[in-house]
Amino acid sequence: MTDLPIARDLLTHAPDTIADTVVLDYDARLMRRKRLVGRGGLAFLVDLAEVTNLDDHWGFALDDGRAVGVEPAPENLIEVRGDLPRLAWHIGNRHTPCQIGTDHLAIRHDHVIEAMLAHLGATLTPVTGPFRPEGGAYGKGRTMGHDHGGHDHDGHDHGHTHHTHA
């Protein structure tokens, strides 16, 4: 048993008052059960019914009635400029989480993806900021990052090979 307040429920909108705010990077915003400490020092236990993408929520409702907000942490990102539809297709084909801006894309630092984008003519600029990538196409969830090692997709190929036509 813990003496910490427990968050079993999530909030979709900001309440009138908040007790604290936790600052979490993209990976940490996907959770089910974890001890967290807010910027102001409030410690609490998250105990959700299932693994949840916190990007879909404003924050936590603690069992003692207090509310704790969730804020994306600044991360090292790469701003991508160029032929955005083409570059976005290649990023998505690699299952790489991607934030979409009006005149640029943003990905987390990944030397393999960066080399591919540079080869495709992209302009790449290191930046720091919150990472809020586009969610999955089939409802709530996340695009899972791509493994650059050997991988198996249950016997199917989905475009990672380069075909030559005679």
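Two residues are in contact here when they have heavy atoms within 4.5 Å of each other. By that yardstick, take the contacts in this protein between residues at least 6 apart in sequence: 66% of them join residues at least 24 apart. Keep in mind that this is a predicted model. The protein has 166 residues, and 37% of them are buried. Its secondary structure comes to 10 strands and two helices.

**Overall layout**

- Going along the sequence, the order of elements is β-β-β-β-β-β-β-α-β-β-α-β.
- The accessible surface of the protein adds up to about 10,200 Å², and carbon and sulfur atoms account for 52% of that.

**Salt bridges**

- The structure holds 10 salt bridges, and a few of them are worth walking through.
- Asp-27, Glu-75 and Arg-108 are linked in a network of salt bridges.
- One link in that network is the salt bridge between the side chains of Arg-108 and Asp-27, at 3.1 Å from N to O. Here Arg-108 sits in strand β9 (residues 105–108), while Asp-27 is in the loop between β2 (20–24) and β3 (30–37), so the pair links distant parts of the chain, 81 residues apart.
- Arg-108 also forms a salt bridge with Glu-75, where the closest N and O atoms are 3.8 Å apart. Glu-75 belongs to strand β7 (residues 74–81) and Arg-108 to strand β9, so this pair ties together parts that are 33 residues apart in sequence.
- How buried or exposed are the partners? Arg-108 is partly exposed, because its relative accessible area is 24%. Asp-27 is partly exposed as well, with a relative accessible area of 46%. Glu-75, on the other hand, is buried, with a relative accessible area of 10%.
- Away from that network, the side chains of Arg-81 and Glu-79 meet in a salt bridge at 3.0 Å, N to O. Arg-81 is partly exposed, at a relative accessible area of 30%, and Glu-79 is buried, at 17%.

**Aromatic pairs**

- A search of the whole structure turns up two aromatic pairs. In one of them, the rings of Tyr-26 and Phe-131 have their centres 5.3 Å apart and their planes at 75°, so the pair counts as edge-to-face.
- Tyr-26 is in the loop between β2 and β3, and Phe-131 is in the segment after β10 (123–130), so the pair ties together parts that are 105 residues apart in sequence.
- Both rings belong to buried residues: Tyr-26 has a relative accessible area of 4%, and Phe-131 comes in at 0%.

**Helix α1 and His-90**

- His-90 is part of helix α1, which covers residues 84–93.
- Why does His-90 count as buried? The reason is its relative accessible area of 17%, as the cut-off for buried is under 20%.
- Leaving aside its neighbours within four places in sequence, His-90 is in contact with Met-116 and Leu-120.

**Helix α2**

- Helix α2 spans residues 111–119, and its residues Ile-113, Glu-114, Met-116 and Leu-117 are buried. Looking down the axis of α2, the buried residues fall within an arc of 160°, so they line one face of the helix.
- The general picture behind such a face is simple: an α-helix has 3.6 residues a turn, so residues three or four places apart point the same way.
- What do the buried residues of α2 pack against? They pack against β7, α1, β9 and β10.
- On the face of α2 turned away from its buried side, you'll find the exposed residues His-111 and His-119.
- At the N-terminal end of α2, Asp-110 acts as a cap, with a side-chain oxygen 3.0 Å from the backbone nitrogen of Val-112.
- Just after α2 comes Gly-121, which takes a positive phi of about 95°.

Terms used
Residues are numbered from 1 along each chain as its sequence is written. This is a predicted model: local features need pLDDT of at least 70, side-chain atom pairs count only at pLDDT 80 or more; totals for chains, interfaces and linings use all residues. Side-chain values use heavy atoms; hydrogens and water are left out. Helices (H or I, at least four residues) and strands (E, at least two) are DSSP runs, numbered from the N terminus. Buried means under 20% relative accessible area, exposed over 50%, partly exposed in between (1.4 Å probe, protein chains only). Accessible areas come from the Shrake-Rupley method with a 1.4 Å probe; for residues, only the protein chains shown count as cover. A salt bridge is a side-chain nitrogen of Lys or Arg within 4 Å of a carboxyl oxygen of Asp or Glu. Rings of Phe, Tyr and Trp (its six-membered ring) pair if their centres lie within 6.5 Å; planes under 30 degrees apart count as stacked, over 60 as edge-to-face and the rest as tilted. The arc is that of the directions from the helix axis to the C-beta atoms. A polar contact is a pair of N or O atoms within 3.5 Å; within protein, one must be able to donate a hydrogen and the other to accept it, and residues adjacent in sequence count only if both atoms are side-chain atoms.
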